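User: I have a model open and would like to go through its sheets and helices with you. Could we take them one at a time?
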Amino acid sequence: MKARKVALLYGGFSAEREVSIRSGEAVEKALHDLGYEVLPIDVTRELVPRLLDTLLKSQVDVAFLTLHGPYGEDGTLQGMLEMAGIPYTGSGVLSSALCMDKTKAKEVLVHHQISTPRWVVLREGDSFAPVFDLGKDVVVKPHNQGSTIGVGIVHKLEDLPGAVASAFSYSSEVLVEEFIPGRDITVGILGEEALEVVEMRPKSGFYDYTSKYTKGMTEYLCPAPLPGGLRDEIRTLSLKSHRVLRCAGATRVDLRLSDEGKPYILEVNTIPGMTELSLLPMSAVPFGYDYAALVQRMIELVPTH
């Protein structure tokens with residue numbers, strides 16, 4: 001779509017607020033460099049009652065979304081914008097809600113015969129017994145958070161209750177997955193184009209919040225060192241996941257590549273981070289998109305209807 005005035009929505013009030021602010025700052029600079037008139041809006045709880053009125057009175061052409069986590073990435077904000085007739089970047093209500101709920105997203109992936117680690121869902125008071133069928137090592141995570149917030153890798157049975165309790169502090173449901181020994185990789189998707197495969201090698205051995213957002217804590221390989229056929233398989237699988245979850249615009253597909261060379265989809269992020277260390281911009285560079293060109297393309301992909 002063609003746009004002149006862009007409302008940049010960032011911040012929010014999820015556990016990922018600080019990451020969202022950093023994404024918003026980087027996108028704002030790019031939008032100014034591209035010649036757009038920018039209306040930056042830090043979405044706080046206090047602002048929510050006036051947010052729609054502000055957007056309508058400002059007569060923006062499009063809303064650029066850099067909010068991460070609940071109340072920004074889960075379809076709620078997208079629904080409000082749809083009802084107001086304000087075009088926005090990224091995926092729609094259904095796909096946003098599906099991808100934010102890791103359990104439901106995995107159910108869709110399995111239905112379409114896309115490999116994802118085996119899992120169980122725990123609610124408050126549930127027995128841990130089903131977890132034991134997943135193997136000795138498991139990954140515990142909130143079912144609707146990002147940025148590895150509340151995620152723990154459990155190698156000892158006695159550590160499981162603490163990891164589950166930590167995840168419950170962020171979510172009403174906890175997802176426990178089998179641990180796949182192997183490599184952390186990701187693929188950016190832009191429209192119908194699968195971008196480059198990136199490998200993340202955290203110095204700590206765990207690609208957690210600190211490893212993601214602290215310079216020097218992770219080595220990034222782009223393109224990931226992979227045989228050509230496996231690289232193509234991973235890109236094809238990532239694009240298929242984007243499609244079956246009905247995503248649009250720019251997404252980032254996170255995977256685990258097993259020691260045997262089998263890729264497993266972990267999740268699809270409908271509003272990927274856009275900070276200076278974020279993986280979507282990194283994945284886009286080998287395909288000819290510098291940061292500003294990526295931002296421009298994200299706006300061009302907004303539906304005109």
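User: How do strand 4 and strand 7 pair, and over how many bridges?
Analyst: This is a predicted model. In it, strand 4 and strand 7 (residues 173-178) run antiparallel and are joined by five bridges. Within that pairing, valine 120 has valine 176 of strand 7 as its bridge partner.

User: Which residues of strand 4 are on the covered face, and which on the uncovered one?
Analyst: Strand 4 spans residues 119-123; Val120 and Leu122 make up the covered face, while Trp119, Val121 and Arg123 are on the uncovered face. In a regular strand, side chains alternate between the two faces of the sheet.

User: What is the strand order of the sheet that contains strand 4?
Analyst: The order is 4-7-5-6, an open sheet of four strands with antiparallel pairing. Strand 4 and strand 6 (152-154) are the edge strands, each pairing on one side only. From one strand to the next, the twist averages 25°.

User: And what about strand 5 with strand 6, how many bridges there?
Analyst: Three bridges connect strand 5 (residues 138-142) to strand 6, again in the antiparallel sense. Valine 138 is opposite valine 154 of strand 6. Helix 6 (residues 160-168) packs on this sheet and touches strand 4, strand 5, strand 6 and strand 7. The direction of helix 6 makes about 25° with that of strand 5.

User: Now the other sheet. In what order do its five strands come?
Analyst: They come in the order 10-9-8-11-12, as an open sheet with antiparallel pairing. Strand 10 (218-221) and strand 12 (263-269) are at the edges with a single partner strand each, so one side of each has no neighbour in the sheet. The twist in this sheet averages 25° from one strand to the next.

User: Is strand 12 buried or exposed, then?
Analyst: Seven of the seven residues of strand 12 are buried, so strand 12 is largely enclosed by the rest of the structure. Its place at the edge concerns pairing within the sheet, whereas the burial takes in the rest of the structure.

User: How is strand 12 joined to strand 11?
Analyst: Strand 11 (residues 250-258) pairs with strand 12 through six bridges, in the antiparallel sense. Arginine 252 stands opposite asparagine 269 of strand 12. The two strands form a hairpin with four residues between them, and glycine 261 there takes a positive phi near 90°.

User: And strand 8 with strand 9, how many bridges?
Analyst: Strand 8 (residues 182-190) and strand 9 (residues 193-202) run antiparallel and are joined by six bridges. Valine 187 is opposite valine 197 in strand 9.

User: Changing topic: at what angle do helix 1 and helix 10 pack?
Analyst: Helix 1 (residues 17-33) and helix 10 (residues 291-300) pack at about 90°, and their axes are 9 Å apart. That angle makes helix 1 roughly perpendicular to helix 10. By class, their contact comprises eight nonpolar residues, one polar residue and no charged ones.

User: Which residues meet there?
Analyst: From helix 1, Ser23, Ala26, Val27, Ala30 and Leu31 meet Tyr291, Ala292, Val295 and Ile299 of helix 10. The buried residues of helix 1 include Ser23, Val27, Ala30 and Leu31.

User: What span does helix 1 reach, and what follows it?
Analyst: Helix 1 has 17 residues and reaches 25 Å from first to last C-alpha, close to the 24 Å expected at 1.5 Å a residue. Just after helix 1, glycine 35 has a positive phi of about 95°.

User: Why does lysine 29 count as exposed?
Analyst: Lysine 29 is in helix 1, and it counts as exposed because its relative accessibility is 53%, with the cut-off for exposed set at over 50%. Its C-alpha is 8.8 Å from that of alanine 292, although the two are 263 residues apart in sequence.

User: Last one, helix 3: which residues are buried, and what do they pack against?
Analyst: In helix 3 (residues 76-84), the buried residues are Leu77, Gln78, Gly79 and Leu81. They pack against strand 1 (5-11), helix 2 (48-58), strand 3 (62-65) and helix 4. Glycine 85, just after helix 3, takes a positive phi of about 75°.

Conventions:
Residues are numbered from 1 along each chain as its sequence is written. This is a predicted model: local features need pLDDT of at least 70, side-chain atom pairs count only at pLDDT 80 or more; totals for chains, interfaces and linings use all residues. Side-chain values use heavy atoms; hydrogens and water are left out. Buried means under 20% relative accessible area, exposed over 50%, partly exposed in between (1.4 Å probe, protein chains only). Two strands pair if DSSP finds at least two bridges between them. Axes are lines fitted to C-alpha atoms, for helices over the stretch in contact, and angles run from 0 to 180 degrees between N-to-C directions. Angles under 35 degrees count as roughly parallel, over 145 as roughly antiparallel, 65 to 115 as roughly perpendicular and the rest as oblique. Contact means heavy atoms within 4.5 Å. Ala, Val, Leu, Ile, Met, Phe, Trp, Tyr, Cys and Pro count as nonpolar, Asp, Glu, Lys and Arg as charged, and the others, Gly among them, as polar. The expected span of a helix is 1.5 Å times one less than its number of residues.
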